[in-house]
Amino acid sequence: MFKGILITKDDAGYQAQVQQIDNAVLPEGDVTVRVEWSTLNYKDGLALTGSAPVVRRFPLVPGIDFAGTVTESSNAAWKIGDKVVLNGWGVGETHCGGLAEMARVKGEWLVALPAAFTSRQAMAIGTAGYTAMLCVQALEKHGIQPADGEILVTGANGGVGSVAIILLAKLGYQVVASTGRLADAAHLKALGASTVIDRAELSAPGKPIGKERWAGVVDTVGSHTLANACATTKYRGAVAACGLAGGMDFPATVAPFILRGITLYGIDSVMAPLEVRRSAWARLAQDLDLDKLESMTREISLDEVPAIGQQFISGQVRGRLVVDVNR
Ligand code: NDP
């Protein structure tokens, strides 16, 4: 038996509860990991509350991320004692995840914990931080330089947004943070934003094309916010779209694409190939300011997790939450 969160759906309804879980619940996989730290992302909030059909099998341990130590392996790439990180691959959705003391997965899903990080720091980064790096790398690959102008980051107080701000600022970009929580402007500036704007400026239906402002955009919000961001991106600029915190729709026109030659990059962390993950984690090890990361990270115990899911849906979580699964 091991302690963890189990999501069940039956006559009693949809429930996420901390409990002792039988080892038999662990799915097939060639590597078993003693989880040290996990974390909560927006998608975990959806899974814990059942407010979107993220969980596809019941009963299931949620948690799309974990970091820990290999305790059993029949995969040649991993041996007992290896420190590993897992992000995505449907773990916490169709395959039992990281919000428990034990996990069993396919070895090919794992990345070695970078020497630069403890397992707690890797989870303070989590899928949110690794996705922020994928967005930054998309803008870099596009050729956007700090001298090209401002980079807009939407959902700035969220996990992806906050890490994107820290990374972009470190790389010398001028960051404009868009948030619904203007009271947190000083915090966002401490992370590296040079300007903080009210997300209401972007969230209402806008014009097909507007005044050019952004050299690049990291968007975690979707819907009108993404449409307006595209409409105000400078000639040949780029937008990295990774989120839907404000809605899954994209009520835009082709005008910014055909008149300004802007590029919209879709960012997916879940099924990203291993070389993409390794590259993102290597860049995080090189470019992430760990003191700033810690300043926006809060630690919680496994017992506190079920009650927090709803806070993601209502946009109340700030920064990153790490979960001590052994507490
Ligand atoms: P968080 O909940 O930590 O952050 C989301 C932020 O979005 C909030 O903090 C809030 O920021 C803003 N927000 C929330 N609700 C609304 C709303 N109705 N309208 C406008 N803004 C809103 O989530 P994460 O950072 O973990 O994830 C952000 C998004 O990215 C999610 O949609 C998630 O599913 C997606 N994602 C996608 C990945 C991928 O692979 N494509 C991977 C990781 C995340 P503020 O208070 O500053 O306004």
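The questions and answers below concern a sheet and two of the helices in a predicted model.

Residues are numbered from 1 along each chain as its sequence is written. In this predicted model, local features need pLDDT of at least 70, side-chain atom pairs count only at pLDDT 80 or more, and totals for chains, interfaces and linings use all residues, while side-chain values use heavy atoms, without hydrogens and water.

Trainee: Which strands stand at the edges of the open sheet?

Mentor: Strands are DSSP runs (E, at least two residues; helices are H or I, at least four), numbered from the N terminus, and two strands pair if DSSP finds at least two bridges between them. The six strands of the open sheet, paired in parallel, follow the order E10-E9-E8-E11-E12-E13. An edge strand has a single partner, so one side of it lacks a neighbour in the sheet; the two are E10 (195-198) and E13 (263-266).

Trainee: In E9, what is the bridge partner of Val-153?

Mentor: Strand E8 (residues 150-154) runs parallel to strand E9 (residues 174-179), and five bridges join them. In E9, Val-153 has as its bridge partner Ala-177.

Trainee: Are H2 and H8 roughly parallel or roughly perpendicular to each other?

Mentor: Axes are lines fitted to C-alpha atoms, for helices over the stretch in contact (heavy atoms within 4.5 Å), and angles run from 0 to 180 degrees between N-to-C directions. H2 and helix H8 (residues 274-287) pack at about 100 degrees, their axes 9 Å apart. Angles under 35 degrees count as roughly parallel, over 145 as roughly antiparallel, 65 to 115 as roughly perpendicular and the rest as oblique. H2 and H8 are therefore roughly perpendicular.
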